[in-house]
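Hi,

Here is the structure I said I would pass on. Have a look at it first, and then read on for what I found.

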Amino acid sequence: MTARLIMKLRVAAAIATTPDVLHLSLVHPLRPELPAWQPGAHVDLRLPDGRVRQYSLCGDPADRTRYEIAIKREEAGRGGSTWVHANLEEGSLAHVSAPRNNFPLVAEARRSILVGGGIGVTPLVAMARQLVADERDFALHLCARSAVHAPLLAELRQVCGARLETWFSDEGRRFDPRRLGVAEPGTHVYACGPERLVDAVRDSLAAARWPDGQIHIERFQATVDENFKAEPFDAHIASTGTVLHVPADRSLLDVLREHGFSMASSCELGVCGACECGYRDGTVLHRDSVLPLSKRQDRMTPCVSRARVSVTLDL
Ligand code: FES
């Protein structure tokens, strides 16, 4: 996978959409248009110390003049959001990658049900804009602590109208995924938000026997399996026959780089998909939160995923 274009963009507007969410509009200082993107896409924001964070685009995909992202300040996070809140304001410059999409809308869906929790609603805002523009059937469920803490609520009300249903816990309203019922042909569910919400949606739909292909989940945190014990394995390089040994305490991504493979990466947590590569033989232990089941037969994320005994990589 090739590295993505990195652009130095100017913050054209920085507006607090809730007490702890900053809504940024980013434009190119010289060019009138930015690379095109589709709803569900995210960009990487590169911090001055080299750290990289992913943020979903929440603007209008038809508007090529700007990228819009919304960032929640997470005091207990890894420091990216607090840096953004402290340092980015109108006129600031930020290093931003071209968009990448791991969470696309299904073009042939007859109906789309969008479920967003808190800041997880950001990719769904772009989806809703597209669905309105395409005159397609959809509903959006927004879950948050309160209206005050619901990111981009004014935009959502304007875009969705009566198709927006809000679930604010301070009003005693909590979204129950069982209300989604059984799968209708052509109906697709998209969920993004805190682990508890997306797990509840996934489990409820699985219990109601929804086909996997009609469930689309995006996580913005790595899933943690405390019982996982990393074991060493061998990686065979298909093009050369070389065998690389991956010790238990190192990632496949590290070992590939050490042997001269120029592998792209971003989150290195299994949530962005930037390091994705193909494989053929072997039992892969998928530990990412980004690849859908339909891709796991022949694609893996070497930043976190491993193999049992050996794997042959399409490199
Ligand atoms: S670098 Fe993000 S999934 Fe591997």
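Start at Ile237, which stands opposite Leu313 in β17. Before going further, keep in mind that this is a predicted model. The strands there are β13 (residues 233-237) and β17 (residues 306-313), and four bridges pair them in the parallel sense. They sit side by side in an open sheet of five strands, ordered β14-β13-β17-β15-β16, where the pairing is mixed. At its edges you'll find β14 (243-246) and β16 (299-300); each has a single partner strand, so one side of each has no neighbour in the sheet.

There is another open sheet of five strands, and I spent more time on that one. Its order is β10-β9-β8-β11-β12, with parallel pairing. The edge strands are β10 (164-168) and β12 (215-218), each of them pairing on one side only. On average, neighbouring strands here are turned by 15° against each other, ignoring direction. If you want to check the register between β9 and β10, these two run parallel and are joined by five bridges. One pair to look up is His141, whose bridge partner in β10 is Glu165.

Now the helices. α2 packs on this sheet, where it touches β8 (111-117), β9, β11 (187-192) and β12, and its direction makes about 155° with that of β8. α3 (residues 153-160) lies across β9 and β10 and runs at about 150° to β10.

α3 is a nice one to look at end-on. Which of its residues are buried? They are Leu153, Leu156, Val159 and Cys160. Looking down the helix axis, the buried residues of α3 fall within an arc of 130°, so they line one face. That fits the usual geometry: an α-helix has 3.6 residues a turn, so residues three or four places apart point the same way. On the face of α3 turned away from the buried side are Ala154 and Gln158, which are exposed. As for what the buried residues of α3 pack against, that is α2, β9 and β10. Right after the helix comes Gly161, with a positive phi near 55°.

This leads to the largest nonpolar core, which has 29 residues. The members that touch the most other members are Leu114, Leu124, Leu140, Leu142, Leu156, Cys160 and Tyr190. Two or more residues of this core come from each of α2, β9, α3, β10 and β11, and α2 gives the largest share, with five residues. In general, nonpolar side chains tend to be buried together in soluble globular proteins.

Last, a residue I would like you to look at: Arg136. You'll find Arg136 in the loop between α2 (122-133) and β9 (137-144). Is Arg136 buried or exposed? Its relative accessibility is 18%, and because the cut-off for buried is under 20%, Arg136 counts as buried. So what does the side chain of Arg136 reach? One partner is the backbone oxygen of Val106, at 2.9 Å. The backbone oxygen of Ala107 is 3.4 Å from a polar atom of the Arg136 side chain. Setting aside neighbours within four places in sequence, Arg136 is in contact with Val106, Ala107, Ala109, Leu131 and Arg163.

That's what I have for now. Over to you!

Methods
Residues are numbered from 1 along each chain as its sequence is written. This is a predicted model: local features need pLDDT of at least 70, side-chain atom pairs count only at pLDDT 80 or more; totals for chains, interfaces and linings use all residues. Side-chain values use heavy atoms; hydrogens and water are left out. Buried means under 20% relative accessible area, exposed over 50%, partly exposed in between (1.4 Å probe, protein chains only). A polar contact is a pair of N or O atoms within 3.5 Å; within protein, one must be able to donate a hydrogen and the other to accept it, and residues adjacent in sequence count only if both atoms are side-chain atoms. Contact means heavy atoms within 4.5 Å. Two strands pair if DSSP finds at least two bridges between them. Axes are lines fitted to C-alpha atoms, for helices over the stretch in contact, and angles run from 0 to 180 degrees between N-to-C directions. The arc is that of the directions from the helix axis to the C-beta atoms. A nonpolar core is a set of buried Ala, Val, Leu, Ile, Met, Phe, Trp, Tyr and Cys residues joined through side-chain atoms within 4.5 Å.
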